[in-house]
Amino acid sequence: MRARYDQRVLALVEVRGGQRDWERAEREFEQRGWPVVESVVRGEGLSAGVLTPDTGARLYTVEVHLFGAHNRRTGRAAAWRVQRLAKTARIEMYVRRCDVLDTDREQLTEWRSHTVAHRPPLRLPPGSGGLRVKLARRWALARARLAERRGRHDTDAGSYVTGTASEARRLARMALPTAAAPRTDIDVRAWHGRERSHIVLRRVEDGNRRRYRLMAWLCAMTFCAVVAHHQTGPRVWIWGTFAALCFAGAVRSGTGMFLSGGRGQSVLVVCLVAALFLGAALGRLPSDTEALTPLRMLVYLASTGVVIGVWLLIRQWTWGEWLAWAAPLVFAALVSFFVASGSVLHALYASPSMCTSPSSAQARS
């Protein structure tokens, strides 16, 4: 079974001790799912002229796999993992260099291809440049654009392309080995509407980190607002100022959700979500919701943090760890259920509805 991981770190590991220790280190790397990219004797290959030659030492370029988000200490965490391996396996092993591999995936804009035969001609015939003709042409072009956005002129093949606007247009028009010849009467439209045509999305993990940071700012703002709602005197202004600062941090984070474009829409969404959080926490929504107390708000935030922490822990478990932890819990739950079911059955049989005689049942019928 393939092991899961989040980060890949290319580590240059020096192993000393001779052929037996080298083979043992290779087996340890293989057991942990760390592929060996290259191995050379110290002072040869890439290390020639960098390290002093030593026939009793060998350099391994190992790809170390780690869980967790990318940060400044990811390379050092990989070094710690290799050092722990050296202590466990009793091998003289040293980490000489660690480079974090950037594996974050780019989010390309999605496009659908459509025909352009319905569009009015780009150039008007000579001598037909009157105002009425120009207005009619603009109206026809607006109707054509609206029909394109609604998907009425999409190609029958349902061509789907990704990339920038120019890349998507060229990809939709080019010929493929098993497809038809290239076409010039094809254009593209953004899959999610016109607003996505000028927005460049961030990479996946970078965007997720910014969303988590935005939610943290909003939760902090809501907590400060709840505390201010239950205070009196100068404390109201102090906690209200903290809530305003947290809201400013959320707006600032919202402006950087996209690599380019979409800042106004992001700020609007942040303001709407902040208003929803405050309305739910302060009991200002139309529904019958009560205002939260600071203690309840703190409990909710702590529960959310515990759930996230438990998920980050169990997502690293293997099948053996699941059986070691989950099997006893399931067994205990089943035993408790069967023990408690006896009293439940006695209570059901003793209820008046279950103690009706056949004659009374016939009488009621």
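Start with the whole chain in cartoon view: you should find 10 helices and 9 strands (DSSP runs numbered from the N terminus, H or I of at least four residues for helices, E of at least two for strands). This is a predicted model, where local features need pLDDT of at least 70, side-chain atom pairs count only at pLDDT 80 or more, and totals for chains, interfaces and linings use all residues. Residues are numbered from 1 along each chain as its sequence is written, and side-chain values use heavy atoms, leaving out hydrogens and water.

Still on the full view, 26% of the 365 residues count as buried (under 20% relative accessible area, 1.4 Å probe, protein chains only).

Next, select residues 7-16 and 54-66. These are strand 1 and strand 3, running antiparallel and joined by 10 bridges. Zoom in on Val9 and you'll see Val64 of strand 3 opposite.

Now widen the selection to the open sheet, where 4 strands pair antiparallel in the order 2-3-1-4 (pairing takes at least two DSSP bridges). Its edges are strand 2 (36-42) and strand 4 (93-101), each with a partner on one side only. From one strand to the next, the twist averages 20 degrees.

Add residues 19-31: helix 1 packs on this sheet and touches strands 1, 2, 3 and 4, with its direction at about 5 degrees to that of strand 3 (contact means heavy atoms within 4.5 Å; axes are lines fitted to C-alpha atoms, for helices over the stretch in contact, with angles from 0 to 180 degrees between N-to-C directions).

Last stop, residues 74-89. Helix 2 lies across strands 1, 3 and 4, running at about 150 degrees to strand 4.

Technical notes
Buried means under 20% relative accessible area, exposed over 50%, partly exposed in between (1.4 Å probe, protein chains only).
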